[in-house]
Amino acid sequence: MKLKALALASTAALVTTGAQAQDVVEMTSAFGKNLPILGTAGVDFVEKINSISEEVEFEHFDPGELVPTLEALDAVSNGSVDAAYTTAGYWQGKITAASLFAAVPFGPEAGEFLAWMLYDDGHALFQRMYDENGYNVHVLPCGIIAPETSGWFKNEITSLSDLEGLNMRFFGLGAEVMQRLGVSTSLLAGGDIFPALERGAIDATEFSMPRIDARLGFYNIAKYNYFPGWHQPATMFELLVNKDVWEDLGERAQAQIEVACLANITTNYAEGEATNFQAMIDNTEQNGVQIKTWSPEILATFEETWDEVAAELAAEDAYFKEVWDDLQEFRAGYKTWGDTIYLPRPRN
């Protein structure tokens, strides 16, 4: 879809005043605007860019209004949609390395992830991934959140054997781990999860943070909420812009979009950190939810299985290996800092 000129005034007025028309970018979001943190991030980005730019204006569309969530990458690439606010984890079925730019099991938390993305090789590798797979898109990091919960279950999980045979909605690379442990996984968009739980098509789900999950009503059906979010220690969100659209924009408009995304990363992260504890309290005190923590033994099995998955994916896919090795090299250096500078977190 080509950029469309927004008529801010009549042609005569434009000529006499010298005013310039804005370029309008139609942006689909992977998350409905009614969802806190995830959905509000797309809305907030649009408000940010539109408040600072006189050259470009974004229009926000909920999932399904232009294209379904899982079709956004193809739609932006072929030009049927100008842009998308989404996460690369949705493209894992298309590109093996995609989830490394979204959420890495037992991987970096938000600060470390941003450090690799913005000050090391992450962003360049991110763009190369799309280029080398034939996608005509320009990508910008545009949001990030802290860990998510690791799942909502209808029944308590007391051992790994309780996972065997479950049907579960699961995102990204963590799904590969769960499959090795006997879980049948599927990737559903947010709005499709509750109906699937309700009719028994899935037995369990993970989706996001407690406040977001509460909005989707999982607690009505699945009363056991497990932590920590080993599969998503942080989740990165992306702004995809059709590359022809991006290159048609002026340098100033491009810079304004980049600034708005950087600002959006800040508010997206802060909203999650500020509002999830109350949702956890409400879940236990009002919704009958039991908050559970995985045992050290089960977490160790998750991690060992992930190490096996990562090694196999690296052996099978050269670009996955390149990105994985680069991230691991950065993490080895970061460990000198990260393991030294932070206070131990008190348990009371």
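The exercises below, each with a worked solution, concern a predicted model.

**Exercise 1. Classify the ring pair formed by phenylalanine 31 and tyrosine 90, and state which parts of the chain the pair ties together.**

Solution.
- Step 1. A pair of aromatic rings is described by the distance of the centres and the angle of the planes.
- Step 2. For phenylalanine 31 and tyrosine 90, the ring centres are 6.3 Å apart and the planes stand at 35°.
- Step 3. Planes under 30 degrees apart count as stacked and those over 60 as edge-to-face. The angle of 35° fits neither class, so the pair of phenylalanine 31 and tyrosine 90 is tilted.
- Step 4. Phenylalanine 31 sits in the loop between β2 (22-29) and α2 (38-52), while tyrosine 90 sits in the loop between β4 (83-86) and α4 (110-119); the pair therefore ties together parts that are 59 residues apart in sequence.
- Step 5. Phenylalanine 31 and tyrosine 90 are both buried.

**Exercise 2. Treat the rings of phenylalanine 45 and phenylalanine 58 likewise, then place both residues in the nonpolar core.**

Solution.
- Step 1. The ring centres of phenylalanine 45 and phenylalanine 58 lie 5.2 Å apart, with the planes at 85°, so this pair is edge-to-face.
- Step 2. Helix α2 carries phenylalanine 45 and strand β3 (residues 56-61) carries phenylalanine 58, so the pair ties together parts that are 13 residues apart in sequence.
- Step 3. The cut-off for buried is under 20% relative accessible area. Phenylalanine 45, at 0%, is buried, and phenylalanine 58, at 3%, counts as buried.
- Step 4. The largest nonpolar core has 110 residues, and Phe45, Phe58, Tyr130 and Leu239 have the most contacts inside it. Helix α11 (residues 296-316) gives the most to this core, with eight residues.
- Step 5. Leaving out residues up to four places away in sequence, phenylalanine 45 touches Met27, Phe58, Cys142, Leu239, Ile257, Ala260, Cys261 and Asn264.

**Exercise 3. Describe the surroundings of serine 150, and find which of its contacts belong to the aromatic cluster that contains Phe106.**

Solution.
- Step 1. Serine 150 is located in the loop between β5 (137-145) and β6 (151-153).
- Step 2. Its relative accessible area is 1%, so serine 150 is buried.
- Step 3. The side chains of serine 150 and tryptophan 294 are joined by a polar contact of 2.6 Å.
- Step 4. Beyond four places in sequence, serine 150 is in contact with Met168, Phe170, Glu206, Tyr226, Phe227, Pro228, Gly229, Trp230, His231 and Trp294.
- Step 5. One aromatic cluster is made up of Phe106, Phe153, Phe170, Tyr226, Trp230, Trp294 and Phe302. Phe170, Tyr226, Trp230 and Trp294 appear both in this cluster and among the contacts of serine 150.

Key: Residues numbered from 1 in each chain as written. Predicted model: local features only at pLDDT ≥ 70, side-chain atom pairs only at ≥ 80, totals over all residues. Heavy atoms only, no water. Core = buried A, V, L, I, M, F, W, Y, C linked by side-chain atoms within 4.5 Å. Buried < 20%, exposed > 50% of the residue type's maximum accessible area, 1.4 Å probe, protein only. Helix = DSSP H or I, 4+ residues; strand = E, 2+ residues; numbered from the N terminus. Contact = heavy atoms within 4.5 Å. Polar contact = N/O pair within 3.5 Å; in protein donor to acceptor, adjacent residues only side chain to side chain. Phe/Tyr/Trp six-rings, centres within 6.5 Å; stacked < 30°, edge-to-face > 60°.
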